[in-house]
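Me: I have a two-chain model open and would like to learn how to read its interface and one of its strands. Could you walk me through it?

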Amino acid sequence: MINKLKSKDLIGTKDLSLEEILLILDTAESMKEISSRDIKKVPALRGKTIINLFYESSTRTRTSFEIAGKRLSADVVNISVSTSSVVKGETLKDTAKNLEAMNPDAVVIRHSSSGAPDFISKILRCSVINAGDGAHEHPTQALLDLFTIREKLVLRGAKELKGLKVSIIGDITHSRVARSNIYAMNKMGMDVTVSGPSTLIPVDIEKMGVKVFTDVKKAIEGADVIIMLRIQLERQEKGLFPSIREYSRLFGLNTEKLKNAKEDVIIMHPGPMNRGVEISADVADGQYSLILDQVTNGVAVRMAILHLLTGGT
Amino acid sequence: MKEIILIKNGRVIDPANKIDTVLDILIDNGKIIETGKKLSTQHSALVIIDASDKIVVPGLIDMHVHLREPGYEYKETIKTGTEAALAGGFTSIACMPNTKPVNDNQSVTDFILDKARKEGVVNVYPVGAITKGLKGEELSEIGELKSAGVVAITDDGKPVMNSELMRRGMEYASMFDLPVISHCEDLHLSEGGVMNEGFVSTELGLKGIPNAAEDVMTARDIALSELTGARLHIAHVSTRGAVNLIREAKSRGVKVTCETAPHYFTLTEKTVDDYNTNAKMNPPLRSEDDLKAIIEGLKDGTIDVIATDHAPHEASEKDVEFDKAPFGIVGLETSLPLTLKLVEDGIISLTEAIAKLTVNPSRILNLNKGTLSVDADADISIINPDKEWQIDITRFKSKGKNSPFHGLKVKGLVNTVIINGNTFNFEAH
């Protein structure tokens, strides 16, 4: 059993081995316990500095990283682009070099351009953690999804995730969550299907090792886990689907469509949700939904990652 | 007075005259005055160049270069761009009109020609804009551009999306026998795209540009060439579809020619894999299958010309997020060895390779260059075809160091270049 990650950075689940994924999930289990205590803080990362560098708006992920860092006693600094030098035209390279000059232990970056975390990881000596880049990867989301699935299934007595059927439904083309989940779940031996309108399924996605259905019913049938993705309303203007009404009718998850699913199906969503569009309110809040568990577990998984990458001396 | 030069014992390759044999060439006053075996002359001021074991070819011609001046002198100037051309074995280049201001009127053409005379080291042939400001709205004064000295017109970098305007531009240009160079890209299909659309773009999460963006415009412009009778030259062909369309059009007698660039027959989309901004150009590096089609097109003559699309950028402009990086790579100083690789790999003959770098572009642009005939201008490149070397961007004469070929080991080095009778020697790297 390994006890640390190979790379100084976490750019994507594509780069993680199965052992590394399991290490992160196992570490997250012990981290979760900390969050349930009365005093939710341990000194593990005391004296470490973590910078949250967010070029895109985010509530969940940024807060989750901040709480994760603080529960481990790290000093967490948030930089949001609207108040930074970026609005004055500073390049990403210069921003990265300036942050480096302040000697942080980790930079958590979210950026609208795919490849931005990879780009700064080559400049920075400290750890770089990808909190979502363009349509590329969002590895911590995939890891918390795995954690959430595993936690639920262990309760039900399962030993491993191998063979589990997962359907990811929605805008696959623009989804970093889909890509990170596909890589990670394939490594776990899970059976991944993607579904959505053909205009939002990227070319050659099958080569990533997934099945593709444009018929949501087929994607739902027999699935152990359904992950619904947010549909961005701007996509309609680009001609990618005709209307929210039709999208919702064809691809939205509701009680009716759920009838095709397994009895004890797990429903997840990385958020933020468009209630009534890709997921109906009763399904989002219903008994199969683990959407808020995902948020809780996000903190634990991010604590695990911060600890694995910056802990120790 | 210019020297009298005798080039001895070189393997002379002159595709226009179907010559591939060991010959001597005698040059006087900037012209070739005699070619033949074992030439001798009594002239006292004679300079003899021993070209044994070397190939002697017409000075290379690159019909697709961005010199950036006026307007973007921080990327390249007419001086540095022509120096890069010379180092790459080129004696004539055509420069694209997307400068600032755009070369859409006589004064810009005059400026470029004047600057090239004063500071340039190779022959510079400006290409004018089809439409004012490259905006695709109204025609440039193409007649005046022609009289100022442009050799073709193009809105390179942007296509003329309005088919009616493109039709009129082609009709109008044909009055002056000016070829129309088309950058084939449907801007709606390519909108927001930064690399080829395929598995690599899917994995990297980058917006793709489908082959169809190039293919539909290639088909359109072929149809417009048929409609108007204008001479059409398709720039930087990168897809199988475009090669097929052009092959078929040629077989029907359509007046279409085309070029590709060395990167399209050397690299594929896989080069983008770690978000390498030096693999970002437009059209993008395509798939393995497209690369094969380009090679077939070069082999069967569908692709007439190898041009570089030399597109220098300042280092910091490429040292950014992939989405933000500008399109384009430099090519003048790497084109020759990459083309010679095609010969080494047995894809095309040396004569065919040299034709695509000399007489073919010359004919398309009516340059009266690209041959070693008696009375031709003495523009000659002498190449050491077996010399191995490593591409090193720090040695580039170009201001642009944006090349995906840095570090590549190649074969074939320029030894001597003669332009209008002036000799430039290049010592081994």
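Reply: Happy to; we take the interface first and then a strand. This is a predicted model, where local features need pLDDT of at least 70, side-chain atom pairs count only at pLDDT 80 or more, and totals for chains, interfaces and linings use all residues. Residues are numbered from 1 along each chain as its sequence is written, chains are lettered from A and ligands numbered from 1 in the order in which they are written, and side-chain values use heavy atoms, leaving out hydrogens and water.

Me: How many residues of chain A are in contact with chain B?

Reply: Contact means heavy atoms within 4.5 Å. Here 24 residues of chain A touch 16 residues of chain B.

Me: How many salt bridges does the rule find across the interface?

Reply: The rule looks for a side-chain nitrogen of Lys or Arg within 4 Å of a carboxyl oxygen of Asp or Glu. It finds four between chain A and chain B. One of them links K93(A) and D319(B), with the closest N and O atoms 2.3 Å apart.

Me: Now the strand: is β14(B) mostly covered or open?

Reply: In a regular strand, side chains alternate between the two faces of the sheet. Buried means under 20% relative accessible area (1.4 Å probe, protein chains only). Strands are DSSP runs of E, at least two residues long, numbered from the N terminus. β14(B), residues 256-260, is mostly covered, with five of its five residues buried. V256(B), C258(B) and T260(B) lie on one side, and T257(B) and E259(B) on the other.

Me: Which residue stands opposite V256(B)?

Reply: That is L232(B). Three bridges join β13(B), residues 232-234, to β14(B), and the two run parallel.

How values were computed:
Buried < 20%, exposed > 50% of the residue type's maximum accessible area, 1.4 Å probe, protein only. Helix = DSSP H or I, 4+ residues; strand = E, 2+ residues; numbered from the N terminus. Pairing = 2+ DSSP bridges.
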